[in-house]
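Visitor: Hi! Could you walk me through this one?
Guide: Happy to, here it is.
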Amino acid sequence: MTSFPGLGPFPGFPQSTAWRAALALVVVFVMLAMTGFTAIRGTKEDGNPLATARNAWRHTTFHGHPLPDPDAAPAALRAFFTGLDTSARRQLADRYPLVVGNMGGAPVGLRYHANRIAIDHARETEQRRMVDHRLTPVGRQEAGRLMHRLESLMSPGRQILAFDPAGDGRVAEVFGNLRTADRVSVVVPGVDTNLSTFERTVKATAAPVGMAQSLYDAERAARPGTRTAVIAWADYTTPAGVGVEAATGQLAEAGAVRLRALVAALPASDTVSLFCHSYGSVVCGLAARNLPRNVTDIAVAGSPGMRAGNLAGLGTHARVWAMRDADDWIQDVPYLEVGGLGHGADPVDPSFGARVLSAQGAAGHAGYFAPGTGSLRNFALIGVGDLTSVGCASTDTRCSADLA
């Protein structure tokens with residue numbers, strides 16, 4: 001038996017599978033932290049502009065009447081905005097852009113307009129920080145990078161569905177026409193996703209914007225006549241780096257609440273599919289039990305686990321699909337959960353019960369949305385509802401069952 005210098009083995013020390021698994025998890029994540037794989041969160045202190053704006057909204061009257069609670073049910077908020085004319089809607093969006101821009105139930109076009117204003121305000125803040133000599137040179141440089149990212153989000157034609165500048169920032173973007181889509185796909189990314197990493201120039205499909213754009217293009221190619229929309233959903237706080245934060249479910253639990261709220265605010269007639277990468281699959285696993293009925297499919301790629309021991313443990317009505325490329329490093333993490341560490345069973349293991357898809361052509365942990373890959377094609381086919389055409393893993397004989 002392997003022993004650690006100075007620590008044992010100790011006579012009588014518990015040698016159960018659970019204890020060995022817990023020790024393995026601790027060793028893995030301590031090693032990751034010691035070897036530089038654990039990122040450090042930014043220290044930018046901006047308060048919480050969205051919370052401040054919501055508080056102001058709650059204490060405001062508009063045309064002599066109180067405004068609805070911004071956390072009200074989407075149907076109630078939708079009814080409120082339906083009762084306003086275009087001018088009144090614009091007044092509210094211009095006065096409270098952060099509130100309206102993040103409000104489920106507000107008209108989609110109005111949210112795009114409001115978020116453009118909110119992003120411009122954040123851009124001006126970062127522009128001032130670039131020349132603020134109270135900051136370190138590194139701080140000013142980071143402000144410059146973020147300012148350019150915000151300028152990119154304001155480019156003509158971009159449809160920003162959610163935006164929150166607090167902390168490292170949260171954002172969601174729509175590709176296609178969300179108002180008329182019959183099928184909506186939601187891309188849920190993993191660790192180290194924030195305003196600064198929302199999109200990339202090099203290896204674009206390793207970031208949420210590139211993932212969603214690639215999926216949208218593939219869906220249109222797979223079934224041109226289907227009205228689709230894809231959401232790059234980075235509207236939850238992700239773990240910073242592959243450390244202990246990524247090995248626990250706390251951030252995923254909060255993300256699951258936000259994911260359910262997003263889906264609940266979409267038009268009820270839409271058919272929704274979730275495409276969850278890496279730690280994003282933990283979020284989807286926790287959200288699965290209480291998702292609306294219009295979520296028909298959950299597909300995970302490069303998953304560290306879904307906080308469940310098997311398919312039944314997810315408690316979902318949706319079909320669950322899983323894939324993993326042969327050279328994805330995620331396969332080396334311990335697939336278990338002990339004392340809150342780890343995310344449960346491996347979704348591509350036959351005993352889990354998911355439908356296992358081919359990831360042919362994908363390279364490494366971040367290659368699942370690359371154009372031309374079998375993994376992207378499979379995602380696109382699920383997104384447009386052409387399930388009988390998906391490519392299953394050769395090891396899964398149940399993948400295509402009951403799909404006709």
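Guide: A word on surface first: accessible areas come from the Shrake-Rupley method with a 1.4 Å probe, and for residues only the protein chains shown count as cover. The accessible surface of this chain is about 18500 Å², with 55% of that belonging to carbon and sulfur atoms.
Visitor: What should I know about the model and its numbering?
Guide: This is a predicted model, where local features need pLDDT of at least 70 and side-chain atom pairs count only at pLDDT 80 or more, while totals for chains, interfaces and linings use all residues. Residues are numbered from 1 along each chain as its sequence is written, and side-chain values use heavy atoms, leaving out hydrogens and water.
Visitor: Thanks! How many disulfides are there in the whole structure?
Guide: Two turn up in a search of the whole structure, a disulfide being a pair of cysteine sulfur atoms within 2.5 Å. Cys276 and Cys284 form one, with sulfur atoms 2.1 Å apart, and Cys392 is joined to Cys399 at 2.2 Å, S to S.
Visitor: Why is the disulfide of Cys392 and Cys399 left-handed?
Guide: Because the torsion about its S-S bond is about -75 degrees. The link of Cys276 and Cys284 is left-handed too, at -90 degrees.
Visitor: And Cys392, buried or exposed?
Guide: Cys392 is partly exposed, at 26% relative accessible area, whereas Cys399 is buried at 0%. Buried means under 20%, exposed over 50%, and partly exposed in between (1.4 Å probe, protein chains only). Cys276 and Cys284 are both buried.
Visitor: Switching topic, what share of the 404 residues is buried?
Guide: Buried residues make up 50% of them.
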